[in-house]
Amino acid sequence: MELTRLTGFQDLIGQPARTLAYVEERARALMERYAVGEIRIPLLERIELYQRSTGETSDIVSKQMYTFTDRDEAGTTLALRPEGTPGVVRAYVEAGLDRSDPEQRLFYSGPMFRRERPQKGRYRQFHQFGVEVFGRADPACDAELLVMIDDLRRDLGLSFQFEINSLGDAKCRPAFRAALLDYGRAHYAELCDDCHERLERNPLRMLDCKIDVKLAAAAPKSLDFLCPECRQHFDTVVALLSSAGVEFIINPRIVRGLDYYMRTAFEVTSTNLGSQNAVVAGGRYDGLVEVLGGSDIPGIGFAIGMERMALALEAAQKPREGLVRVALIALGEPAARRATQLARELRGLPMQVELLSTERSLKSQLKRADRIGANYAVIIGADELARDAAQLRDLGASAQREVRLTDLAAELYPARCD
Ligand code: ATP
Ligand code: MG
């Protein structure tokens with residue numbers, strides 16, 4: 001048996017791991033400014049949580065979950081989380097927040113697991129960064145979440161396309177569903193196999209079909225069926241987005257094919273990606289807290305696909321914010337002692353400092369400095385040490401000069417970095 005990693009799972013070593021961490025850092029910094037607190041929830045839950053919320057008819061629950069039977073007497077069936085929302089809602093209800101303190105703004109970040117066909121931007125373990133807001137039914141909240149995503153986009157220097165839609169609510173959706181059902185039955189012969197199944201179980205999902213694109217485009221639109229309250233809600237979201245300067249299009253094919261989703265649904269794609277370009281998806285789920293045993297509290301949220309965000313960043317080749325990189329080269333024991341001290345000082349600025357092996361030759365250390373992409377090499381030999389100085393070599397410009405150790409920090413910081 002070869003001990004290789006599983007299909008659809010990834011090892012990220014060095015730069016790719018750094019890019020993913022960078023996206024997360026920026027998203028976390030944004031949460032601070034939007035007053036969104038963190039929630040950490042388990043990776044394993046009972047399978048029933050997803051059956052009841054994500055839904056038996058969804059692709060996720062019907063085909064993509066990793067499940068296993070636990071060793072307990074009851075033989076509980078567990079599932080690796082395929083998405084974050086059900087766990088967050090369960091935790092919210094379990095903590096009694098729906099009764100004690102219903103208005104909550106929470107974010108989560110971590111791995112999700114879905115057994116789907118792997119390809120670029122689609123993995124079996126991937127990461128989502130998601131936001132959920134509870135206790136807010138007003139359209140300003142829907143708009144605020146979209147503005148939040150636009151702020152992250154701007155911060156990362158990416159360009160996104162926002163697509164929004166309204167699915168209506170329990171009052172107006174039945175008529176829309178019925179119209180879709182009629183439409184699907186009338187075009188039955190043209191539908192793909194998956195849509196034959198979707199038609200009876202969850203006709204909204206036909207709109208999401210990647211195969212029957214033409215049929216979906218001509219299908220009835222939920223926006224034409226909205227009741228006055230849903231219409232008003234949608235119009236307000238649209239007006240708020242316009243006044244906040246978020247560019248978007250209205251796409252009647254955006255659906256979240258689960259029963260508890262209602263009103264606002266949205267998807268965000270990156271124009272920096274080819275296929276698998278959906279980077280964020282979200283929507284309003286006012287019925288979900290109740291479905292999972294809580295009070296009737298509205299909710300809305302979104303999830304960012306972190307790997308796709310990182311790929312978009314790489315495709316856009318945006319220079320990342322980074323520290324100046326210094327290779328510190330000491331020749332001889334006394335110089336090494338001074339260099340250890342110096343490295344600590346420089347790192348505190350902050351600056352990225354790698355103290356190279358003092359057991360290697362100057363030539364070999366300079367090679368290493370190149371290899372790690374250092375901006376500067378700081379070389380301290382016995383002569384320099386005697387003068388309390390160092391050779392400062394700008395590796396980009398291949399220029400070298402002597403500087404006093406006391407001036408080194410000022411010479412290097414702030415300095416160029418890429
Ligand atoms: P898709 O239509 O691409 O399958 P989805 O509707 O299944 O997406 P959601 O469940 O709404 O996606 O998840 C939100 C985001 O998470 C997606 O927009 C995408 O960026 C990311 N995502 C979903 N599945 C994967 C995966 N298997 N690998 C990497 N990222 C994913
Ligand atoms: Mg999917």
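**Exercise 1. Describe the open sheet of three strands: in what order do its strands stand, and which strands are at its edges?**

Solution. In this predicted model, the three strands of the open sheet follow the order β2-β4-β3, and their pairing is antiparallel. From this order the edges can be read: β2 (44–46) and β3 (67–69) each have a single partner strand, so one side of each is left without a neighbour in the sheet. Neighbouring strands of this sheet are turned against each other by 35° on average, when direction is ignored.

The next step is to look at one pair within the sheet. Strand β4 (residues 77–80) pairs with β3 in the antiparallel sense, over three bridges, and at the level of single residues F68 has L78 in β4 as its bridge partner.

The last step adds a helix to the picture, since helix α2 (residues 47–55) lies across β2, β3 and β4 and runs at about 75° to β2.

**Exercise 2. Work out the order of the open sheet formed by eight strands, and state which helix packs on the sheet.**

Solution. The eight strands stand in the order β1-β5-β6-β11-β10-β9-β7-β8, and here the pairing is mixed. At the edges are β1 (37–38) and β8 (248–250), each of which has a single partner strand, so that one side of each is left without a neighbour in the sheet.

Within this order, strand β5 (residues 104–113) and strand β6 (residues 125–134) are joined over 10 bridges in the antiparallel sense; for Q104, the bridge partner in β6 is F134. The helix that packs on the sheet is α1, which touches β1, β5 and β6, and its direction makes about 5° with that of β6.

**Exercise 3. Determine how α1 and α12 are placed: are they roughly parallel or roughly perpendicular to each other?**

Solution. Two packed helices are described by the angle between their axes together with the distance between the axes. For helix α1 (residues 15–33) and helix α12 (residues 306–316), the axes come within 9 Å and cross at roughly 105°. Angles of 65 to 115 degrees count as roughly perpendicular, and α1 and α12 are therefore roughly perpendicular to each other.

To see what makes up the contact, list the residues on each side: α1 brings T19, L20, Y22, V23 and E24, while α12 brings M306, E307, M309, A310, L313 and E314. Sorted by class, the residues of this contact are seven nonpolar, one polar and three charged.

**Exercise 4. Find how many cavities of 30 Å³ or more the structure holds, and say which residues line the largest cavity.**

Solution. A search of the whole structure finds one cavity of 30 Å³ or more, and the largest cavity holds about 60 Å³ of space. Its lining is made of L180, Y183, L191, M206, L207, D212, L215, A216 and A219. Both α7 (173–186) and α9 (213–218) supply at least two residues of this lining. By class, the lining of the largest cavity has eight nonpolar residues, no polar residues and one charged residue.

**Exercise 5. Examine the backbone in two loops: which peptide bond is cis, and what is the sign of phi at D388?**

Solution. The peptide bond from L349 to P350 is cis, with an omega near 10°, and P350 belongs to the loop between α13 (333–347) and β13 (352–355). Turning to the other loop, D388 is located between α15 (382–386) and β15 (389–394), where this residue has a positive phi of about 55° although it is not a glycine.

**Exercise 6. Place R90 in the structure: in which helix is R90 found, and which residues does R90 touch?**

Solution. R90 is part of helix α4 (residues 85–94). When residues up to four places away in sequence are not counted, R90 touches P42, E45, L49 and L292. As a last step, consider R401, which is 311 residues apart from R90 in sequence and 63 Å apart in space, C-alpha to C-alpha.

Terms used
Residues are numbered from 1 along each chain as its sequence is written. Chains are lettered from A and ligands numbered from 1 in the order in which they are written. This is a predicted model: local features need pLDDT of at least 70, side-chain atom pairs count only at pLDDT 80 or more; totals for chains, interfaces and linings use all residues. Side-chain values use heavy atoms; hydrogens and water are left out. Axes are lines fitted to C-alpha atoms, for helices over the stretch in contact, and angles run from 0 to 180 degrees between N-to-C directions. Helices (H or I, at least four residues) and strands (E, at least two) are DSSP runs, numbered from the N terminus. Angles under 35 degrees count as roughly parallel, over 145 as roughly antiparallel, 65 to 115 as roughly perpendicular and the rest as oblique. Contact means heavy atoms within 4.5 Å. Ala, Val, Leu, Ile, Met, Phe, Trp, Tyr, Cys and Pro count as nonpolar, Asp, Glu, Lys and Arg as charged, and the others, Gly among them, as polar. On a 1 Å grid over the protein atoms alone, a cavity is a set of points where a 1.4 Å probe fits but cannot get out, and a pocket is an open set with protein on both sides within 12 Å along at least five of seven lines; lining residues have an atom within 4 Å of a point. Grid points are joined across faces, edges and corners, and a volume is the space filled by probe spheres set on the points. Two strands pair if DSSP finds at least two bridges between them.
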